[in-house]
Amino acid sequence: MGKLFSVSYFGNVIPKLLSALPSTIGIVLASLAFGLVLGFLAAALRIRGGPVMSRIAAFYISFMRGVPLIALMLLVYFGFPQLMSFLGFEAGSWPKYPLVIASFALNVSGYLAENMRSAYLSVDKSQFEAAHSIGMTGLQGFVHIIFPQAVTNALPSVGNTVIMLIKDTALAFSLGVVDIMGKAVLINARNYGARQVEIFVAVGLIYWAVCFVLERILDLLEKRGRKPLRLG
Amino acid sequence: MKMRSRKILAGVTALALCLVLTACGSSQSAATPSPSPSPTETPQQVIKVGMMATLKPFVYTDDSDNIIGYDIDMLNAIDELLPDYTFEYQNLQFSVLFTSLENGTVDMLTGTIGRNAEREAKYLVPSIDSGYVVSSLVVPEDDTATNSFDDMAGKKIPMDPARYEYNVMKEYNDEHPDKAMVIVEMADVTQADSMKMVADGRCDAALIYRDSFEEIQKELDLPVRMSDVYAVKQPYCQLINPSLTEFGAKYEEALQTLIDNGTMSQISVKWLGYDMFADN
């Protein structure tokens with residue numbers, strides 16, 4: 001009977017899987033960039049949008065957090081071309097990669113909006129008053145006093161959201177985008193699933209390693225943010 | 001400090017853009033580009049073909065993620081016979097395959113797709129089968145008595161309910177209640193996993209593609225054997241968007257030509273090791 005776990009196969013498959021790492025990181029960074037912009041807008045409207053816009057923002061956040069990611073992906077993948085067709089553009093020829101990024105960005109923006117809102121609200125009101133008392137305008141106070149504190153407060157929860165996003169990218173292959181998980185499925189298919197355990201242990205370790213590096217970076221940033229300012 | 005932050009931000013943004021552009025490029029590498037027509041040529045109509053490229057040897061990917069296999073050689077041969085059309089291949093997962101055809105994201109589906117009345121009513125289905133998937137029972141090597149479904153009364157066999165063979169087995173059970181087998185329903189169970197389940201006694205038999213058995217055994221060397229009896233011979237076909245009637249007719253004509261001139265037999269021998277058209 002053949003080996004149940006082939007160490008040599010495990011060693012050989014890791015570089016093959018790593019060749020898809022740029023695709024996964026590309027999806028994460030692009031989704032995060034768009035998600036941060038959307039999340040910031042949603043959080044700002046939720047806090048200061050007045051009775052109507054605040055409710056619309058609350059609904060947006062609730063919807064993006066409440067809809068399963070795979071359902072949102074299918075909605076964007078099938079719905080966006082239909083919408084474009086309705087608006088008079090050509091349907092059915094949209095590349096998958098941007099649609100996958102749009103799905104992830106929409107999903108993560110809901111979580112990031114709540115991360116940002118809670119971080120902003122966690123800054124004590126006396127900090128606004130202190131900024132005012134030394135002659136700063138509202139915007140100056142926000143940029144120089146509130147924002148740096150809010151960012152530091154937000155780091156742990158944003159870190160969790162980004163880790164969740166990294167793992168969620170494993171769904172990108174549902175639409176045929178070859179990320180690490182997609183690469184694993186294709187390699188697995190090439191040998192009829194005979195070395196499935198080795199492949200998916202390797203996949204798990206790669207995702208964990210990426211998340212571990214991110215955790216360390218966030219730890220460093222958090223420690224740096226919490227360092228008291230030295231005066232003089 | 002501010003300057004440094006800006007530099008870091010600029011660096012991260014540039015890296016993200018590079019990665020996105022690189023990935024966008026690689027994600028389209030499997031697609032066949034349509035050649036640009038010369039002023040005198042009629043532009044070729046692009047037929048987008050969706051498939052689940054995890055079905056070795058019919059449709060799967062090589063080390064560079066190019067889609068290859070029996071179906072691709074067949075489609076490339078058909079492409080050569082149809083100068084007005086060019087094929088573009090898209091790797092999709094099962095969850096989006098049929099909806100992609102329905103909403104026009106792709107024009108045709110391929111990859112061991114079984115023929116049934118529901119599909120024939122909904123899509124344009126060529127009347128000619130483009131191939132056959134032949135499966136036999138794999139049982140423990142000391143079990144010489146189990147060779148066909150008739151020997152499976154009360155015995156356990158794993159099967160993915162999304163597979164064509166699942167329906168064949170259900171129909172067999174309905175028609176032969178006294179010989180009914182116990183179908184262990186498992187989503188996405190691979191052929192290798194099914195064989196492992198037989199080897200370790202969790203199931204009594206597995207239904208395995210005849211061309212896959214030796215390949216899996218080379219890797220795992222399990223204490224199992226394959227029956228010489230064909231348990232399921234599944235004819236398969238392509239599904240075409242019903243609006244493409246002219247293309248559908250030309251496609252069917254081209255496929256018949258390839259069967260008649262022996263090209264399909266050659267492709268079959270190349271990928272499966274035998275001529276699946278020999279008896280048909």
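User: In this structure, is Asp188(B) buried or exposed?
Analyst: The model is a predicted one. Asp188(B) sits in the loop that joins strand S8 (182-185) to helix H6 (191-199) of chain B. A residue is classed as exposed when 12 or fewer other C-beta atoms lie within 10 Å of its own. Because Asp188(B) has 11 C-beta neighbours inside 10 Å, its class is exposed.

User: What is the phi of Asp188(B)?
Analyst: Asp188(B) is not a glycine, yet its phi is positive. The value for Asp188(B) is about 55°.

User: Is Thr112(B) buried or exposed?
Analyst: Thr112(B) belongs to strand S5 (residues 108-114) of chain B. Although not a glycine, Thr112(B) has a positive phi of about 45°. The cut-off for burial is 20 or more other C-beta atoms within 10 Å. Since Thr112(B) has 21 other C-beta atoms within 10 Å, it is buried.

User: Which peptide bond of chain B is cis, with omega near 5°?
Analyst: The bond in question leads to Pro57(B), a residue in the loop between strand S1 (45-51) and S2 of chain B. With omega near 5°, the cis bond is the one from Lys56(B) to Pro57(B).

User: How many helices and strands does chain B have, and what percentage of its residues is buried?
Analyst: Chain B contains 9 helices and 11 strands. Among its contacts with a separation of 6 or more, 75% are between residues 24 or more positions apart. Of the 280 residues in chain B, the buried share is 36%.

User: How far apart are the end C-alpha atoms of the domain that UniProt places at residues 46-275 of chain B?
Analyst: An unreviewed UniProt entry gives these residues the feature "domain: Solute-binding protein family 3/N-terminal". Over residues 46-275, chain B is 37% helix and 25% strand. The end C-alpha atoms of this stretch are separated by 30 Å.

User: Which element gives the most residues to the side of chain A that touches chain B?
Analyst: The contact draws 35 residues from chain A and 37 residues from chain B. On the side of chain A, the elements giving two or more residues are helix H2 (21-48), helix H4 (69-86), helix H5 (96-122) and helix H8 (180-190). By class, the residues on this side are 22 nonpolar, 10 polar and 3 charged. With 7 residues, the element that gives the most is H2(A).

User: How are H2(A) and H5(A) oriented relative to each other?
Analyst: The two axes come within 6 Å and cross at roughly 45°. The crossing is right-handed, and the residues in contact comprise 19 nonpolar, 4 polar and 2 charged. Angles under 35 degrees would count as roughly parallel, and those of 65 to 115 as roughly perpendicular. The crossing angle therefore makes H2(A) relative to H5(A) oblique.

User: What is the handedness of the crossing of H2(A) and H3(A)?
Analyst: H2(A) packs against helix H3 (residues 50-66) of chain A at about 135°, with the axes 7 Å apart, and the pair is therefore oblique. Ala42(A), Leu45(A) and Arg46(A) of H2(A) meet residues of H3(A) including Met53(A), Ala57(A) and Ile61(A). The contact has 7 nonpolar, 1 polar and 1 charged residues. The crossing of H2(A) and H3(A) is left-handed.

User: How many residues of H8(A) are buried?
Analyst: The buried residues of H8(A) include Ile180(A), Gly182(A), Lys183(A) and Asn188(A). Their packing partners are helix H1 (7-18), H2 and helix H9 (196-226) of chain A, together with strand S2 (60-61) of chain B. H8(A) is mostly covered, and of its 11 residues the number buried is 9.

User: What is the distance in space between Asp219(A) and Gly182(A)?
Analyst: Asp219(A) is part of helix H9 of chain A and, because it has 13 C-beta neighbours inside 10 Å, it counts as partly exposed. Gly182(A) is in H8(A) and is buried. The two are 37 residues apart in sequence, and their C-alpha to C-alpha distance is 30 Å.

User: What percentage of residues 199-218 of chain A is helix?
Analyst: An unreviewed UniProt entry annotates "transmembrane region" at stretches of chain A including residues 57-77 and 199-218. Residues 57-77 are 90% helix, with end C-alpha atoms 23 Å apart. For residues 199-218, the end C-alpha atoms are 29 Å apart and the helix share is 100%.

Terms used
Residues are numbered from 1 along each chain as its sequence is written. Chains are lettered from A and ligands numbered from 1 in the order in which they are written. This is a predicted model: local features need pLDDT of at least 70, side-chain atom pairs count only at pLDDT 80 or more; totals for chains, interfaces and linings use all residues. Helices (H or I, at least four residues) and strands (E, at least two) are DSSP runs, numbered from the N terminus. Two residues are in contact if their C-beta atoms, placed from the backbone, lie within 7 Å. Ala, Val, Leu, Ile, Met, Phe, Trp, Tyr, Cys and Pro count as nonpolar, Asp, Glu, Lys and Arg as charged, and the others, Gly among them, as polar. UniProt positions are given in the numbering used here, feature names are shortened, and annotations may be inferred rather than shown by experiment. Axes are lines fitted to C-alpha atoms, for helices over the stretch in contact, and angles run from 0 to 180 degrees between N-to-C directions. Angles under 35 degrees count as roughly parallel, over 145 as roughly antiparallel, 65 to 115 as roughly perpendicular and the rest as oblique. A crossing is left-handed if the near helix is turned anticlockwise from the far one by less than a right angle, and right-handed if clockwise.
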